[in-house]
Amino acid sequence: MATETPPPAKPQAHLPSPEEFVEVQQSAEFGELRRANRSFAFPLTLAFITWYLLYVLLSCYAGGFMGTKVAGNINVALVLGVAQFLTTFLIAWWYARHAAAKLDPRAEAIKSRMEGGA
């Protein structure tokens, strides 16, 4: 008959105090991390919202153009609609690459320092 034994205890990470969080938030390194994120995310978000609104406005006010046949029963509206989905996946992939290359290493360095690993 097997007995229930608890799993081995993991070493407890250092939990930063609120003052340490404020100190890190005000640091130049954290400011650079935020700038790197914002300089990528904000322009891309603005461009995608503009692209999406253009599609909506064309659908509302340019029915003749959107109904133009491209090939067979495929019209401009369908092509642009599918392009919306493709653009969404492209942006997600591009952001994941950006985050892995530029954001994650900086964030991990800050985190490990705050937890006492560095």
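Colleague: How much of the accessible surface belongs to carbon and sulfur atoms?
Modeller: Keep in mind that this is a predicted model. The accessible surface of the protein adds up to about 9,300 Å². The share belonging to carbon and sulfur atoms is 67%.

Colleague: And which residues make the nonpolar surface patch?
Modeller: The patch covers about 510 Å². Helix α4, residues 76–114, gives the most to it, with 4 residues. The full set is Val70, Ile74, Leu78, Val79, Val82 and Leu86.

Colleague: Where does isoleucine 74 sit, and is it buried, partly exposed or exposed?
Modeller: Isoleucine 74 is found in strand β2, residues 74–75. Buried would need under 20% relative accessible area, and exposed over 50%. Isoleucine 74 has 39%, so it counts as partly exposed.

Colleague: Let's step back to the overall build. In what order do the elements run?
Modeller: The protein has 4 helices and 2 strands. Starting from the N terminus, the order is α-α-α-β-β-α.

Colleague: Why is the protein said to be more spread out than a compact globule?
Modeller: For 118 residues the globule rule gives 13 Å. The C-alpha trace spans about 70 × 55 × 25 Å along its principal axes. The protein comes out well over the rule, and therefore more spread out than a compact globule, because its radius of gyration is 24 Å.

Colleague: What percentage of the residues count as buried?
Modeller: To count as buried, a residue must have under 20% relative accessible area. Of the 118 residues in the protein, the part that meets this is 16%.

Colleague: Among contacts between residues at least 6 apart in sequence, what share join residues at least 24 apart?
Modeller: A contact here means heavy atoms within 4.5 Å. Of the contacts between residues at least 6 apart, the share joining residues at least 24 apart is 62%.

Colleague: How many aromatic pairs are there, and what kind is the pair of phenylalanine 40 and tryptophan 94?
Modeller: The count comes to 2 aromatic pairs. In the pair of phenylalanine 40 and tryptophan 94, the ring centres are 5.2 Å apart and the planes stand at 85 degrees. Planes over 60 degrees apart count as edge-to-face, so this pair is edge-to-face.

Colleague: Which helices does that pair tie together?
Modeller: The two residues are 54 residues apart in sequence. Phenylalanine 40 lies in helix α2, residues 28–61, and tryptophan 94 lies in helix α4, so the parts tied together belong to α2 and α4.

Colleague: What about phenylalanine 40 and tyrosine 95: stacked, edge-to-face or tilted?
Modeller: Their ring centres are 5.9 Å apart, with the planes at 45 degrees, so the pair is tilted. This one also links distant parts of the chain, as phenylalanine 40 in helix α2 and tyrosine 95 in helix α4 are 55 residues apart. Ring pairs thus link a cluster of Phe40, Trp94 and Tyr95.

Colleague: Within that cluster, how do phenylalanine 40, tryptophan 94 and tyrosine 95 count: buried or partly exposed?
Modeller: Tryptophan 94 is partly exposed at 42% relative accessibility. Tyrosine 95 is partly exposed too, at 34%. Phenylalanine 40, at 13%, counts as buried.

Colleague: Last one: which residues is glutamine 84 in contact with?
Modeller: Glutamine 84 is found in helix α4, and its relative accessible area of 9% makes it buried. Leaving aside neighbours within four places in sequence, its contacts are Phe48, Trp51, Tyr52 and Tyr55.

Conventions
Residues are numbered from 1 along each chain as its sequence is written. This is a predicted model: local features need pLDDT of at least 70, side-chain atom pairs count only at pLDDT 80 or more; totals for chains, interfaces and linings use all residues. Side-chain values use heavy atoms; hydrogens and water are left out. Patches are made of residues with over 30% relative accessible area and no salt bridge: like charges are joined within 9 Å, nonpolar side chains (Val, Leu, Ile, Met, Phe, Trp, Tyr) within 5 Å. Accessible areas come from the Shrake-Rupley method with a 1.4 Å probe; for residues, only the protein chains shown count as cover. A salt bridge is a side-chain nitrogen of Lys or Arg within 4 Å of a carboxyl oxygen of Asp or Glu. Buried means under 20% relative accessible area, exposed over 50%, partly exposed in between (1.4 Å probe, protein chains only). Rings of Phe, Tyr and Trp (its six-membered ring) pair if their centres lie within 6.5 Å; planes under 30 degrees apart count as stacked, over 60 as edge-to-face and the rest as tilted. The radius of gyration is taken over C-alpha atoms; the globule rule is 2.2 Å times the number of residues to the power 0.38.
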